[in-house]
Amino acid sequence: MKSVISSLLITLAIGTATVQAQNSPIAAPQQQKVEVSDAELEKFAEVFQQMRMVNQEAQKEMMQVVQEEGFELQRFNEIHQASMDPNKEIETTPEEDKKHQKVVKELESMQPKFQKEMEEVIANSDISMQRYQQLAMALRTDPELQKRLQEIMQS
């Protein structure tokens, strides 16, 4: 279930980043090495920690929605993964299909709230949305930057 919720949140975060990137006049090349001072990386780490807290709260709320609908988390996950993968089939009852659709609709309706919370975290920080996204993208491909961030987060 955590993987479904995480994938929904990742989709949410990427959607936020994509919307913001589309609104930016200039997009930075993805493979370009990004220069980051320790002070800026520390600011990023603070925002990243706050984003993780929003993410954890969102996961908690989404799991509650799934459970309130009477789904076992694992069963919902199986059905949801099968619904996302056209090559994967799973037997479901009409009742499960109906419950799955209801849960997914409710989870999707929650996304704007979580997106707004994430945007507010960044807006209330000393890092712009564009710079946060640039650093987040750089962290995906730069092991040295990942190591520096990890050291900051552990201290």
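Which residues does Phe 44 touch, not counting residues up to four places away in sequence? In this predicted model, the partners are Ile 127, Tyr 132, Leu 135, Ala 136, Leu 139 and Leu 149. Phe 44 itself is placed in helix 2. Its relative accessible area is 2%, so Phe 44 is buried, the cut-off for that class being under 20%. Phe 44 and Arg 131 lie 87 residues apart in sequence. Their C-alpha atoms are 9.2 Å apart in space.

Phe 44 also belongs to the largest nonpolar core. This core has 20 residues. Phe 44, Met 51 and Tyr 132 are those with the most contacts inside it. Four helices each supply at least two residues of this core: helix 2 (38–68), helix 4 (94–123), helix 5 (129–141) and helix 6 (143–154). Helix 2 gives the largest share, 6 residues. Another core lies apart from this one. It has 12 residues, among them Ala 58, Met 62, Val 66 and Met 110. In soluble globular proteins, nonpolar side chains tend to be buried together.

Helix 2 deserves a description of its own. It has 31 residues. From its first C-alpha to its last it reaches 45 Å, close to the 45 Å expected at 1.5 Å a residue. Its buried residues include Leu 41, Phe 44, Ala 45, Val 47, Met 51 and Val 54. Ala 58, Met 62, Val 65 and Val 66 are also among them. The list of buried residues further includes Glu 40 and Gln 59. Just after helix 2, Gly 70 takes a positive phi of about 90°.

Val 65 offers a second view of helix 2, where it has its place. With a relative accessible area of 9%, Val 65 is buried. Which residues does Val 65 touch, not counting residues up to four places away in sequence? They are Val 103, Glu 106, Leu 107 and Met 110. Val 65 and Lys 102 are 37 residues apart along the chain. A distance of 9.8 Å separates their C-alpha atoms.

Aromatic rings were examined next. The structure holds 3 aromatic pairs. In one, the ring centres of Phe 44 and Tyr 132 are 4.8 Å apart. Why does this pair count as stacked? The planes of the two rings meet at 25°, and planes under 30 degrees apart count as stacked. The pair links distant parts of the chain. Phe 44 is in helix 2 and Tyr 132 in helix 5, 88 residues apart. Tyr 132 counts as buried, at 10% relative accessibility. Ring pairs also link Phe 44, Phe 48 and Tyr 132 into a cluster.

Phe 71 and Phe 76 form another aromatic pair. Their ring centres are 5.5 Å apart. Their planes stand at 70°, so this pair is edge-to-face, the class for angles over 60 degrees. Phe 71 has 7% relative accessibility and counts as buried. Phe 76 is buried as well, with a relative accessible area of 0%. Phe 71 has a charged partner too: Lys 99 lies over the face of its ring, at 5.0 Å from the ring centre.

Key
Residues are numbered from 1 along each chain as its sequence is written. This is a predicted model: local features need pLDDT of at least 70, side-chain atom pairs count only at pLDDT 80 or more; totals for chains, interfaces and linings use all residues. Side-chain values use heavy atoms; hydrogens and water are left out. A nonpolar core is a set of buried Ala, Val, Leu, Ile, Met, Phe, Trp, Tyr and Cys residues joined through side-chain atoms within 4.5 Å. Buried means under 20% relative accessible area, exposed over 50%, partly exposed in between (1.4 Å probe, protein chains only). Contact means heavy atoms within 4.5 Å. Rings of Phe, Tyr and Trp (its six-membered ring) pair if their centres lie within 6.5 Å; planes under 30 degrees apart count as stacked, over 60 as edge-to-face and the rest as tilted. A charge sits over a ring if NZ of Lys or CZ of Arg is within 6 Å of the ring centre and within 35 degrees of the ring normal. The expected span of a helix is 1.5 Å times one less than its number of residues.
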